[in-house]
Amino acid sequence: MTQHLILRRPDDWHLHLRDGAMLKGVLPETARHFARAIIMPNLVPPVVTTAQAAAYRDRILQALPDGMAFEPLMTLYLTEGTDPADVAAGAASGLIKAVKLYPAGATTNSQSGVRNLDAVMPVLEKMAEIGLPLCTHGEVTTPEVDIFDREAVFIDTVLDPLRRRLPELRVVMEHITTREGADYAAEGGPNLGATITTHHLIINRNHILAGGIKPHYYCLPVAKREQHRLALRAAATSGKACYFLGTDSAPHVDALKEHACGCAGCFTATNTLPLLAHVFEEEDALNRLEAFASLNGPAFYRLPANDATIRLVRQPAAQAFPEKIFTEAGPVTVFNPGFPVHWSVEA
Ligand code: DOR
Ligand code: ZN
């Protein structure tokens with residue numbers, strides 16, 4: 001049995017760092033193991049312009065503890081007022097690595113998102129021209145569509161028509177949660193990628209709802225049936241270039257998770273790599289963990305893979321991880337997989 005594994009240092013292609021006290025509390029959890037991350041722009045107010053992204057990047061770097069290295073890869077939040085010239089200038093300067101599409105109302109702080117795709121076509125056309133990826137929160141917001149069907153309906157009614165209209169547009173399907181999403185990504189050619197979270201490889205909807213509501217397993221897109229979790233595991237461990245890690249680690253203080261209207265998000269930054277090693281070992285695919293966590297993402301984003309490495313070790317005893325981290329914004333519960341994990345990351 002493999003006792004250790006050396007990987008190129010991984011990157012997280014979908015991460016929420018927030019701002020202020022929360023940023024300060026959660027950033028070391030990611031920077032400890034990851035070299036870079038695509039930083040989600042859904043702050044309040046959102047990161048809409050290149051100037052705002054530059055200021056946010058500075059705040060992230062200021063919050064980084066001395067001696068830790070980490071490169072935030074900045075994104076812009078797409079609104080119906082986004083200026084294509086600002087996006088192009090941000091990309092040309094090297095600061096902006098992607099633009100994020102939130103359908104208005106789909107998730108946390110998405111009110112400023114897009115209601116009418118026609119209104120953002122000039123931005124998307126510019127992005128297609130310059131090769132800047134569009135990261136999509138792939139759920140329709142139509143109240144009539146069942147929440148468990150919103151990803152599949154988005155693919156059919158929004159994503160596929162958009163990609164037919166603009167085949168040169170490079171798209172990342174963020175945090176896919178369904179067999180339909182995994183299949184669509186696999187067939188999409190080199191301009192389509194998909195991120196998969198750690199938690200969607202571990203939980204299905206029963207974890208949220210059976211035996212009492214578990215708010216710390218509630219995220220968006222919501223976890224689906226077991227058959228979908230199995231399809232995501234097959235995709236992530238396939239080694240295929242279109243699939244890469246985006247944890248969607250999304251911290252909310254406990255008071256807002258354990259609430260009558262609890263926020264969506266699982267906080268996995270602290271223990272993602274041991275959990276991934278566990279999952280890939282279960283799937284007999286440890287030799288493909290590096291592709292998923294460290295190689296496929298940079299290749300899609302046309303960036304070099306990291307030169308540094310990390311070492312994962314399989315310990316004889318189950319490894320403890322903190323139940324919570326304590327930020328100055330309040331406590332944040334760390335994702336609990338519900339099974340013992342023997343892997344750890346060597347310091
Ligand atoms: O679970 C989620 N949390 N999904 C999202 O799309 C947003 C995120 C957040 O910002 O909390
Ligand atoms: Zn997210």
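**Close-up views of a predicted model**

His16 is buried, with a relative accessible area of 8%. This residue belongs to the zinc site shown in the first view of this predicted model.

**View 1. The zinc ion (ligand 2) is held by two histidines and one aspartate.** The protein donors are NE2 of His14, NE2 of His16 and OD of Asp248, at distances of 2.0 to 2.1 Å from the ion. Along the chain, these donors of the zinc ion (ligand 2) follow the spacing H-x1-H-x231-D. The site links distant parts of the chain: His16 lies in the loop between β2 and α1, while Asp248 lies 232 residues away in the loop between β9 (243–245) and α9 (254–257). Asp248, like His16, is buried, and the relative accessible area of Asp248 is 6%.

**View 2. Strands β2 and β3 are joined by a right-handed β-α-β unit.** The connecting helix is α1, which spans residues 20–31. Strand β2 (residues 12–15) pairs with strand β3 (residues 36–39) in the parallel sense, through two bridges. Leu15 has Ile39 of β3 as its bridge partner.

**View 3. Eight parallel strands form an open sheet.** The strand order is β2-β3-β4-β5-β6-β7-β8-β9. The edges are occupied by β2 and β9; each has a single partner strand, so one side of each is left without a neighbour in the sheet. On average, neighbouring strands are turned by 30 degrees against each other, direction ignored. Within the sheet, β5 (residues 96–101) and β6 (residues 134–136) pair in the parallel sense over three bridges. Lys100 has Cys135 of β6 as its bridge partner.

**View 4. Cys135 and Cys242 are not joined by a disulfide.** The sulfur of Cys135 is 15 Å from that of Cys242, its closest cysteine sulfur, and this is too far for a bond. A disulfide would require the two sulfur atoms to be within 2.5 Å. For Cys242, likewise, the nearest cysteine sulfur is that of Cys135, 15 Å away. Both cysteines are buried: the relative accessible area is 0% for Cys135 and 12% for Cys242. A search of the whole structure finds zero disulfides.

**View 5. Three antiparallel strands form an open sheet in the order β1-β10-β13.** Its edge strands, β1 (4–8) and β13 (343–345), each pair on one side only. Neighbouring strands of this sheet are turned against each other by 25 degrees on average, direction ignored. Three bridges join β10 (residues 309–314) to β13 in the antiparallel sense, and Leu312 stands opposite Val345 of β13. Helix α10 (residues 272–282) packs on the sheet and touches β10 and β13; the direction of α10 makes about 140 degrees with that of β13.

**View 6. Helix α11 lies across strands of the eight-stranded sheet and of the three-stranded sheet.** In the eight-stranded sheet, α11 (residues 289–301) lies across β2, β3, β5, β6, β7 (171–173), β8 (192–196) and β9. The helix runs at about 115 degrees to β9. In the three-stranded sheet, α11 lies across β1 and β10, and the angle to β1 is about 25 degrees.

How values were computed. Residues numbered from 1 in each chain as written. Chains lettered and ligands numbered in written order. Predicted model: local features only at pLDDT ≥ 70, side-chain atom pairs only at ≥ 80, totals over all residues. Heavy atoms only, no water. Buried < 20%, exposed > 50% of the residue type's maximum accessible area, 1.4 Å probe, protein only. Pairing = 2+ DSSP bridges. Helix = DSSP H or I, 4+ residues; strand = E, 2+ residues; numbered from the N terminus. Right-handed = clockwise from strand over helix to strand, strands pointing away. Donors = N, O, S within 2.8 Å, 3.2 Å for Na, K, Ca; no water. Axes fitted to C-alpha atoms, helices over the stretch in contact; angles between N-to-C directions. Contact = heavy atoms within 4.5 Å.
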